[in-house]
Amino acid sequence: NKIPLNKSDILVIGGGDSASEYVQILKQHNHNVTLSYRKNSFSKMIDHNRNAIEVLHTNNDIQLIMGNEIKNVTTHENRCLVTFKDDKSINYDWIVAAIGGERPKKYLEKIGIDLEGEDKEEFVESNMQGLFILGDLAAGAGGGSIIKAFNSAHRAIKTACTFYLDCE
């Protein structure tokens with residue numbers, strides 16, 4: 001089954017401007033969005049993005065999970081089952097990780113996302129079907145490249161449209 005381009009349950013992980021912007025854009029496309037951040041407050045967002053998140057949350061347009069880290073990510077019924085440190089588990093259709101400028105390889109492996117194919121030219125999809133590695137993560141151990149980031153996003157969208165989304 002392919003997932004429609006709207007009305008998906010999406011978890012965005014992160015506490016910076018990229019995470020806020022993902023949340024805002026995904027919400028504009030009518031997705032059910034949850035923002036998870038391991039700290040209790042947003043200290044890395046510019047005021048505009050922090051205010052946008054606060055308004056969306058106050059209006060019950062998004063869910064916030066603050067001060068709680070992800071313990072594990074597995075699959076359950078073709079969805080991402082996310083278990084948090086407090087042992088609460090929630091199913092999502094998609095996960096967007098906006099978790100900083102450094103490659104968080106150890107963190108991703110700790111929560112069950114394997115990057116074993118990272119040095120392959122076509123490395124985009126992780127060990128979990130439908131979970132794509134993009135941007136700096138797709139650049140591999142050698143470091144980030146804007147060209148590799150754009151190319152990985154292009155390959156991921158083509159793959160996702162072919163196998164997971166209702167698009168061409």
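1. Which pattern does the chain follow when it is read along the sequence? The model is a predicted one, and in it the chain runs β-α-β-α-β-β-β-β-β-α-α from start to end. That order is made up of four helices and seven strands. Of the 168 residues in the chain, 40% count as buried, and among contacts between residues at least 6 apart in sequence, 53% join residues at least 24 apart.

2. On the packing of the helices, the pair to consider is helix 1, residues 17–28, with helix 2, residues 47–58, whose axes lie 9 Å apart and make an angle of about 45°. Because of that angle, helix 1 is oblique to helix 2, and the crossing of the two is left-handed. On the side of helix 1, the contact is made by Asp17, Ser20, Glu21, Val23, Gln24 and Lys27, while helix 2 brings Asn49, Ala52, Ile53 and Leu56 to meet them. By character, the residues of this contact divide into four nonpolar, three polar and three charged.

3. On the nonpolar interior, the largest core has 21 residues, and Val12, Val23, Val33, Leu35, Phe42, Ile53 and Ile62 are those with the most contacts inside it. At least two residues of this core come from each of strand 1 (9–13), helix 1, strand 2 (32–37), helix 2 and helix 4 (146–163). Apart from it lies another core, this one of 15 residues, which includes Ile13, Leu108, Ile113 and Met128. As background, nonpolar side chains in soluble globular proteins tend to be buried together.

4. Val23 deserves a point of its own, since it belongs both to the residues with the most contacts inside the largest core and to the contact of helix 1 with helix 2. Val23 is found in helix 1, and because its relative accessibility is 0%, it counts as buried. Leaving out residues up to four places away in sequence, Val23 touches Val12, Val33, Leu35, Ile53, Leu56 and Ile62. The C-alpha atom of Val23 is separated by 9.3 Å from that of Val96, which is 73 residues away along the chain.

5. Which residues does Ile62 touch, not counting those up to four places away in sequence? They are Val23, Lys27, Val33, Ile53, Leu56 and His57. Of these, Val23, Lys27, Ile53 and Leu56 are also named in the contact of helix 1 with helix 2.

6. Is Ile10, a residue of strand 1, buried or exposed? Its relative accessibility is 3%, and Ile10 therefore counts as buried, the cut-off being under 20%. Ile10 and His31 stand 21 residues apart in sequence, with 6.9 Å from C-alpha to C-alpha. Besides His31, the contacts of Ile10 take in Leu26, Asn32, Val33, Thr34, Tyr92, Trp94 and Val96, once neighbours within four places in sequence are left aside.

7. A second buried isoleucine, Ile111, lies in the loop between helix 3 (105–110) and helix 4. With a relative accessible area of 2%, Ile111 is buried, although its place is in a loop. Not counting residues up to four places away in sequence, Ile111 touches Ile70, Lys71, Asn72 and Val73. One of these, Asn72, is 39 residues from Ile111 along the chain, and the C-alpha atoms of the two are separated by 4.1 Å.

8. Two backbone angles may be worth checking in the model. Asn30, in the loop between helix 1 and strand 2, has phi near 65°, a positive value in a residue other than glycine. Asn30 is partly exposed, as its relative accessible area is 42%. Asp87, in the loop between strand 5 (79–84) and strand 6 (89–92), likewise has a positive phi, near 70°, and is a residue other than glycine.

Conventions
Residues are numbered from 1 along each chain as its sequence is written. This is a predicted model: local features need pLDDT of at least 70, side-chain atom pairs count only at pLDDT 80 or more; totals for chains, interfaces and linings use all residues. Side-chain values use heavy atoms; hydrogens and water are left out. Axes are lines fitted to C-alpha atoms, for helices over the stretch in contact, and angles run from 0 to 180 degrees between N-to-C directions. Angles under 35 degrees count as roughly parallel, over 145 as roughly antiparallel, 65 to 115 as roughly perpendicular and the rest as oblique. A crossing is left-handed if the near helix is turned anticlockwise from the far one by less than a right angle, and right-handed if clockwise. Contact means heavy atoms within 4.5 Å. Ala, Val, Leu, Ile, Met, Phe, Trp, Tyr, Cys and Pro count as nonpolar, Asp, Glu, Lys and Arg as charged, and the others, Gly among them, as polar. A nonpolar core is a set of buried Ala, Val, Leu, Ile, Met, Phe, Trp, Tyr and Cys residues joined through side-chain atoms within 4.5 Å. Buried means under 20% relative accessible area, exposed over 50%, partly exposed in between (1.4 Å probe, protein chains only).
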